[in-house]
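Open your viewer, show the side chains as sticks, and follow along stop by stop. Each stop tells you what to select and what is there.

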Amino acid sequence: MQIDKLRGKTLNQLFDAILTLKDREECYRFFDDLCTMGEIQSLSQRLEVARMLMAGLTYHRIEEDTGASTATISRVKRCINFGNDGYQMTLKRLNDKNH
């Protein structure tokens, strides 16, 4: 995993902090303090790109609907195809929760 290079006390602290969040409102409060609006937008955009790719939508459609660049779409697709299945795991859980 690429993130292994960052493993350590501070990253563990970040993930542990995220795991303490109890609801969506707490997430809004924490991420509003933690990230810039651009960073939050990029993270949410990537997740939506992943959802759309996994639903079989075209790059053109994804680019139109999300405003994501083809470079971002390609990067997300690479993670879906060759990554650690993080997008798949999370989106499956979201889908299961909503059905």
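Start by selecting Asp 96 and Lys 92: being four residues apart in helix 6, they are separated by about one helical turn. Helices here are DSSP runs of H or I with at least four residues, strands are runs of E with at least two, and both are numbered from the N terminus. Before going further, please note that this is a predicted model, in which local features need pLDDT of at least 70 and side-chain atom pairs count only at pLDDT 80 or more, while totals for chains, interfaces and linings use all residues. Residues are numbered from 1 along each chain as its sequence is written, and side-chain values use heavy atoms, with hydrogens and water left out.

**Salt bridges**

Stay with this first pair and draw the distance between the side chains. Asp 96 and Lys 92 form a salt bridge, 2.7 Å from N to O; the term stands for a side-chain nitrogen of Lys or Arg within 4 Å of a carboxyl oxygen of Asp or Glu. Are the two partners buried or exposed? Asp 96 is partly exposed at a relative accessible area of 45%, and Lys 92 is exposed at 52%. Those words follow fixed cut-offs: buried is under 20% relative accessible area, exposed is over 50%, and partly exposed is in between, using a 1.4 Å probe and protein chains only.

How many salt bridges does a search of the whole structure find? The search gives four, and two more of them are worth a stop.

Select Arg 51 and Glu 48 next. Both belong to helix 3, three residues apart, or about one turn of the helix. Their side chains meet in a salt bridge of 2.6 Å, N to O. Arg 51 is partly exposed at 38% relative accessibility, and Glu 48 is partly exposed at 29%.

Then move to helix 4 and pick Arg 61 and Asp 65, which are four residues apart there, about one turn of the helix. This salt bridge spans 2.7 Å from N to O. Arg 61 has 40% relative accessibility and counts as partly exposed; Asp 65 is also partly exposed, at 43%. A general point fits these stops: an α-helix has 3.6 residues a turn, so residues three or four places apart point the same way.

**Helix 5**

Now select residues 70–82, which make up helix 5. Its 13 residues reach 18 Å from the first C-alpha to the last, close to the 18 Å expected at 1.5 Å a residue; the expected span is 1.5 Å times one less than the number of residues.

Which residues of helix 5 are buried? Highlight Ile 73, Val 76 and Ile 80. Turn the view to look down the axis: the buried residues of helix 5 fall within an arc of 65°, so they line one face of the helix. The arc is taken from the directions that run from the helix axis to the C-beta atoms. On the other side of helix 5, Ala 71 and Phe 82 are exposed.

To see what covers the buried residues of helix 5, bring up its surroundings, including helix 3 (37–54), helix 4 (59–66) and helix 6 (86–97). Contact here means heavy atoms within 4.5 Å.

Before leaving helix 5, click on Asn 81, which is found in this helix and is partly exposed at 47% relative accessible area.

**The loop after helix 5**

Select Asp 85, in the loop between helix 5 and helix 6. Its phi is near 65°, a positive value in a residue other than glycine. Asp 85 is partly exposed, with 44% relative accessibility.

**Cysteines**

From Asn 81, jump to Cys 35: the two are 46 residues apart in sequence and 28 Å apart in space, C-alpha to C-alpha. Counting cysteine sulfur pairs within 2.5 Å as disulfides, the total is zero. For Cys 35, the nearest cysteine sulfur belongs to Cys 27, 11 Å away. Cys 35 is buried, at 15% relative accessible area.

Cys 79 is in no disulfide either, and its nearest cysteine sulfur, that of Cys 35, is 18 Å away. Cys 79 is partly exposed at 26%.

**Last stop: two rings**

Finish with the one aromatic pair in the structure. Select Phe 30 and Phe 31: the ring centres are 5.5 Å apart and the planes stand at 85°, so the pair is edge-to-face. Rings of Phe, Tyr and Trp (its six-membered ring) pair if their centres lie within 6.5 Å, with planes under 30 degrees apart counted as stacked, over 60 as edge-to-face and the rest as tilted. Phe 30 is partly exposed at 24% relative accessible area, and Phe 31 is partly exposed at 23%.
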